[in-house]
Structure formats: C-alpha cells, structure tokens
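Here is a friendly walk through one model, starting in a sheet and ending at a few backbone oddities. Please keep the structure open as you read.

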Amino acid sequence: MADPQTILLVAPDLDYLEWATKHLAADDLRILRCDHAEKAIKVCDTTRVDLVITDLILQPFDGMTLLSRLRAAHPATLVILTGAFPTTAQVIEATQMGAEDILKKESLTFELRNVVEGALQTLEERRTAHSPEKSKHPADTRVKIIGNSRALQDVFKIVGRVARTDAPVLVSGESGTGKELVANAVHEYSPRSKNTFVAINCGAIPENLLESELFGHEKGAFTGAINRRLGLFEQCDGGTLFLDEIGDMPTAVQVKLLRVLQDGSFTRVGSTEMQKSDVRIVAATNKNLSQEVSLGHFREDLFYRLNVVELHLPPLRSRVEDIPLLAEHFLQLTIKRNGLPPLKLSTEALDHLQSHRWPGNVRELENTIARACALASKDVLLPSDIQFTRTFKDPEAEDKQTLKALQQLQQAAPEGQDLQLWITEKIKQL
Ligand SMILES: Nc1ncnc2c1ncn2[C@@H]1O[C@H](COP(=O)(O)OP(=O)(O)OP(=O)(O)O)[C@@H](O)[C@H]1O
Ligand SMILES: [Mg+2]
C-alpha cells in the first residue's frame, strides 16, 4: 500500500481543528494539527507534509508569513489558506506566492473535502518549486477592489497568477462592473508597477487621432502635426497600457495593434522607421467580442492575441453578497470625501439595496450611496433615502431579446446552410 499522504492543519481554534480532522479522516490520509505557526514550521522541518491548511490569523506570525516561509523551505508542500474575510490583497498575494487556494472559512463545511482531494490529486504535477517573491508594496497603497463573492475571489486569484507574466489580458463585463479597477490591479501587482499605467478609451477618439495617440507621429505627418509626438506605446515602455472599449477600435488601428502584439514593433504616423516598445496590454470591453468577430467587426487574429487571459466580471445582480461590503465601502468613502458626520446603513436600507437589479452595476451603487448621503436627514440611512437612477435598459431583458431574435433567425435559415455565415449575411443586409 502507498504511504498515506500527510495533511497538517494549523489554526488557533481547537474546535475547528477537531472538526476538520474528523471531516477529513480517511484511510489514506495522515492528519496532523497544531495551533501555532512556529510549531507548524517545525513539523514540516521534521516530517514530510504534503499539504498544509492554515488559518490566516495565527501566533506568533500570520498565515501569509507561514506561507512565505513554507514556500522557501518546503516548495513541494502545498499550502491552502483559510480566513473569515480574506482581503483582496491577501488573495492576490497568496496566489502570487504560490498558495494552492485561499478559502473563506464559512464555505469550508461544503468545500474542504473537495478542495483537499483536488489539491492532493495535482500534488505530483505541482512538486516543481515556485520561488517565493514577497511583494514589495505595502498592501494598502494599492487598488482596493471590494468583493467577497466566489466570483470576485476567483477574479483576484487570476489577477494574482497573471500579474507576474506579460500575457495580454482581456477584461470583459457590463458597464460599471469594475473593469478599469481590475486592469489597474493587474498592473499594480506586476513587476511593471514602478512604471507607467496609461488608460485610453478606443471608442472615444476619432480613428486618425487614435493611431497617432497610440503610435505617435512625425512632424508634418498630417495637417496640424507641428511637432514630432511620442505615442502611448513609447511613453509606456516598461509599463502597462489599458485599451478600454477595445471593441470600438477602428480596423486600421487593429492591424497596427496586432503587429505590436506579435513582435513589439510599430511605426509612428508619417514614418517608416520601426520602433520597439515593451508594453503589457490589458484591454477591456463591454461588448461580446467573439460575437463582434463573427459579425466581421473585430479581427479574429487580434481577438486571439488579446484574449490570452480572460477576466470576466459578473454583473452585480449576480453577486448580491458583495453589496453590503461595497455599500459600506462607498458610504465611508463619501463621508470622508465630503467631511460628513458619521452615517450608518439601516438593515432595511441594505435589504432595499440588495433587491435592486443594478443595471449600472457597481458604478450605479456608488452613485446611489453618494446621493443617499446627500439626502439623509438622520444619522442612519433609511430605504426612503435611497433613490435609484431611472433605468433606461435592463441588460438581462436585452439578452433575452437577442436570444429570441437569434432563435427566430435559426428557424428561418434554409436547411444545410452554415448558420453563422447565414446570420452574418442577414445582419449585413439590415
Ligand atoms: N469591486 C469593486 N470594489 C470597489 N470599487 C469598485 C468595484 N467595482 C467597481 N468599483 C467602482 O465602480 C466604478 C466603476 O468601475 P470601473 O470604471 O472600473 O468600471 P468599468 O467596468 O470600467 O465601467 P465602464 O464599462 O462603464 O467603463 C469606479 O468608481 C470603481 O472604483
Ligand atoms: Mg471602464
């Protein structure tokens, strides 16, 4: 029989240790436990431990430090962190430092066994060591992305994994879901964070200006080009360029962007001389980009180049559990910015916020809280202080309408016809 695999449980809470030991008990597992970070290191130094599941809060140092020390001394040992409220910075940093997972304690009851089984299964592949790289930034100077939902925690984990690479990232999601915030986090948690992060809205600038804005121009390249100007690709060398509303980028500019993504080279407008630049691209869109490709509005080759890593931000209505944290965050922010006296959110007001559809997502919530603070007459926000913005469209209803229209087209298509091509043709004829 193969050696049993060894799990070390580390937590200050003895009841939890007792529970987890019973919950995980199996013939092929050896379960050790301790309530002290220093002791945990000693156990790992003297015994082969395959997986450590540790609390974030420990004595005499915390779970993050334990993770970092274990990664250095025992790189083949997997580490899973658990905490009541892991912060964004903790999730991203723990992932960057090579933690196998970081879980909310409340979800452990359902997930612990699955997570452990998954971790042990992939143990052999993961034995290749990661070198620990503690972040140089104090966590509180960086982007604050609030969210405790599973969906957002998964986004943080991907940010943690990709930030260290130079892979292009495509951030998708409805308007106001936090795409720019996440793009910023990818930069701030990357080795490029010492250099520039620049955002440009590709849909808001006319085609000829966008090309010169991105790639620069030579003196006299066009009427009004009185001086040579460096474009964002040159200004951002070593940094990150955020291309917002990439779905609206004109085709001519798409061609030039594809070239830079392929080999980092481009020409300024009005010049044939090749320039080189080392820029990481993060793009964002609230359009369905693969649909734009099939409609012929967006280059397929560019789509694949940009979409190396996709980060999808779900709409707020599908992660209502984030609303209390976000509402509290925006409330404190508004109070601080405007020097208001302390204000609290009543339970009824919170219920009211959680039952809204939020077509404008987090941005709408931010504005709603700011408006409620201005209207509040007491030191507690009541449902009557909350006024939602008039809704112009319901994204889900729109999705349903589109689906219905597509179904009708599908039924109308002649048999044996390539459906996608046929629909594209029909749309062109509109
Ligand atoms: N998870 C979050 N935590 C804290 N603030 C957030 C979060 N998500 C969004 N916000 C805030 O909501 C506002 C909108 O976010 P952002 O501009 O990143 O959205 P977007 O997806 O880029 O929107 P659009 O598609 O309209 O450009 C910003 O003020 C941002 O700081
Ligand atoms: Mg945006």
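Ile200 stands opposite Leu243 in strand E8 (240–244), and strand E7 (197–201) pairs with E8 in the parallel sense over 5 bridges. Two strands are said to pair if DSSP finds at least two bridges between them; the elements themselves are DSSP runs, helices (H or I) of at least four residues and strands (E) of at least two, numbered from the N terminus. E8 also runs parallel to E11, to which 4 bridges join it, and there Leu241 stands opposite Ile281.

Before going further, a word on the source: this is a predicted model, in which local features need pLDDT of at least 70 and side-chain atom pairs count only at pLDDT 80 or more, while totals for chains, interfaces and linings use all residues. Residues are numbered from 1 along each chain as its sequence is written, and chains are lettered from A and ligands numbered from 1 in the order in which they are written.

How much of E8 is buried? E8 is mostly covered, with 5 of its 5 residues buried. Buried means that 20 or more other C-beta atoms, placed from the backbone, lie within 10 Å of the residue's own; exposed means 12 or fewer, and partly exposed lies in between. In a regular strand the side chains alternate between the two faces of the sheet. In E8, Thr240, Phe242 and Asp244 point one way and Leu241 and Leu243 the other way.

Helix H8 (179–188) belongs to the picture too. Its buried residues are Lys179, Val182, Ala183, Ala185, Val186 and His187, and what covers them includes helix H7 (150–163) and the strands E7, E8 and E11.

H8 leads on to ligand 1, as do helix H14 (323–338) and helix H16 (361–375): each of the three supplies at least two residues of the shell. In total 17 residues surround ligand 1, the closest being Ser175, Gly178, Lys179, Glu180 and Val362; a residue is near if its C-beta atom, placed from the backbone, lies within 6 Å. The shell has 5 nonpolar, 8 polar and 4 charged residues, where Ala, Val, Leu, Ile, Met, Phe, Trp, Tyr, Cys and Pro count as nonpolar, Asp, Glu, Lys and Arg as charged, and the others, Gly among them, as polar. Domain 2 (150–312) and domain 3 (317–385) each give at least three shell residues, with bounds from an automatic or database domain assignment.

Now to the backbone. Most residues other than glycine have a negative phi, and most peptide bonds are trans. Against that background, the bond from Gln59 to Pro60 is cis, with omega near -5°, and Pro60 sits in the loop between strand E3 (51–55) and helix H3 (63–73). Glu245, in the loop between E8 and helix H11 (251–263), has a positive phi of about 50°. Asn361, in H16, has a positive phi of about 55°.

The table gives the burial of four residues.

| Residue | C-beta neighbours within 10 Å | Class |
|---|---|---|
| Lys344 | 13 C-beta atoms | partly exposed |
| Pro324 | 15 C-beta atoms | partly exposed |
| Glu245 | 19 C-beta atoms | partly exposed |
| Asn361 | 23 C-beta atoms | buried |

Lys344 lies in strand E13 (residues 344–345), and its C-alpha atom is separated by 6.3 Å from that of Asp379, 35 residues apart along the chain.

Technical notes:
Contact = placed C-beta atoms within 7 Å.
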